[in-house]
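Here are two short exercises to work through with the model open beside you. Try each task before you read its solution.

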Amino acid sequence: MIVEIDGVRKIYQTPEGEIGALEDITFSIEEGEFISIVGPSGCGKTTLLNIIAGLETPSGGAVRVDGTAIHGPNARIGYMPQKDQLFPWRTIWDNVTLGLEIQGKKDAEHRARVQELLMRYGLRQFAGCVPSQLSGGMRQRCALIRTLATSPRILLLDEPFSALDYQTRLSVAEDIHGIIKKEGKTAVLVTHDIAEAVSMSDRVAVLSARPGRLKRLIDQPEMRGLTPMERRDHPQFQRYFNLLWKEIDRCA
Ligand code: ADP
Ligand code: MG
């Protein structure tokens with residue numbers, strides 16, 4: 001067991017009063033597992049990722065990684081935000097090594113690892129380019145390589161494909177899923193796309209409307225070990241899709 005989310009609550013204090021964002025969230029994530037979090041807009045998905053990342057403090061409960069409670073940002077956790085957030089004026093190389101630079105780890109060994117990641121994932125010849133010279137999918141891959149460069153064990157992805165058109169989204173999801181599996185990482189993906197959740201993850205956590213509570217944790221044992229495209233072709237795909245569709249709270 002690697003990540004334990006134990007009775008996590010979050011209440012935001014605002015000038016208009018308290019906003020309950022999360023209520024008693026408890027589940028754990030195994031090493032190497034891919035979990036998706038789905039739920040209606042505003043139910044606390046980003047808040048939960050921020051708490052796991054140590055960027056926000058829970059109002060109650062705790063998050064533990066390998067038995068140790070998270071207090072603040074942690075090198076074992078990599079965060080890939082919603083937009084690729086590459087700096088337009090920095091080259092791809094200067095973008096993918098940014099995390100190392102911030103952590104003061106831009107030494108020969110880490111630089112060599114980033115070179116290898118760029119080569120393995122087809123981006124080495126673009127190292128000297130700026131982000132605007134790359135396709136949306138390639139930029140997303142750069143954002144992932146930047147996150148992988150610091151060697152986190154857990155990757156948190158907050159709607160990482162939402163800015164991409166549908167076709168690109170399918171192929172980038174395939175791509176990113178392959179990289180995460182090949183690198184043996186544990187991943188938590190927030191998405192509002194339930195087909196994406198079914199196609200990418202081993203288990204799906206469904207949060208209720210605000211305050212987000214864990215409504216259901218759906219295991220998809222038949223899907224383990226398959227690529228997203230293979231899952232979309234799987235006879236059980238539609239069943240899991242329908243299960244999620246029924247489970248998610250919706251405004252009428
Ligand atoms: P989601 O990612 O599921 O759309 P969020 O986690 O971003 O939801 O937000 C959950 C709820 O908490 C929303 O109602 C949002 O307005 C509120 N919220 C998020 N961050 C803050 C904050 N810093 N201060 C006050 N309220 C916040
Ligand atoms: Mg969000």
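A residue counts as buried when its relative accessible area is under 20%. Keep in mind that this is a predicted model.

**Exercise 1. Find the buried residues of helix α9 (residues 237-247), and work out how they are arranged around the helix axis.**

Solution.
- Step 1. Apply the cut-off along α9: the buried residues are Phe237, Tyr240, Leu244 and Glu247.
- Step 2. Look down the axis of α9: these buried residues fall within an arc of 105 degrees, so they line one face of the helix.
- Step 3. Recall the helix geometry: with 3.6 residues a turn, residues three or four places apart in an α-helix point the same way.
- Step 4. Look for the packing partners: the buried residues of α9 pack against the strands β3 (34-38), β9 (203-207) and β10 (214-219), and against the helices α7 (194-200) and α8 (228-232).

**Exercise 2. Describe the shell around ligand 1 and its polar contacts.**

Solution.
- Step 1. List the neighbours: among the residues around ligand 1 are Tyr12, Cys43, Thr47 and Arg210.
- Step 2. Sort the shell by type: four residues are nonpolar, six polar and two charged.
- Step 3. Trace where they come from: β1 (3-14), β2 (17-29) and α1 (45-53) each supply at least two residues, and α1 gives the largest share, three residues.
- Step 4. Check the distances: an oxygen atom of ligand 1 lies 2.6 Å from a side-chain N or O atom of Thr47, and a backbone N or O atom of Cys43 is 3.2 Å from an oxygen atom of the ligand. For Tyr12, a side-chain N or O atom is 3.4 Å from a nitrogen atom of ligand 1.
- Step 5. Finish with the cover: ligand 1 on its own has 560 Å² of accessible area, and the protein covers 65% of that.

Terms used. Residues are numbered from 1 along each chain as its sequence is written. Chains are lettered from A and ligands numbered from 1 in the order in which they are written. This is a predicted model: local features need pLDDT of at least 70, side-chain atom pairs count only at pLDDT 80 or more; totals for chains, interfaces and linings use all residues. Side-chain values use heavy atoms; hydrogens and water are left out. Buried means under 20% relative accessible area, exposed over 50%, partly exposed in between (1.4 Å probe, protein chains only). Helices (H or I, at least four residues) and strands (E, at least two) are DSSP runs, numbered from the N terminus. The arc is that of the directions from the helix axis to the C-beta atoms. Contact means heavy atoms within 4.5 Å. A polar contact is a pair of N or O atoms within 3.5 Å; within protein, one must be able to donate a hydrogen and the other to accept it, and residues adjacent in sequence count only if both atoms are side-chain atoms. Accessible areas come from the Shrake-Rupley method with a 1.4 Å probe; for residues, only the protein chains shown count as cover. Ala, Val, Leu, Ile, Met, Phe, Trp, Tyr, Cys and Pro count as nonpolar, Asp, Glu, Lys and Arg as charged, and the others, Gly among them, as polar.
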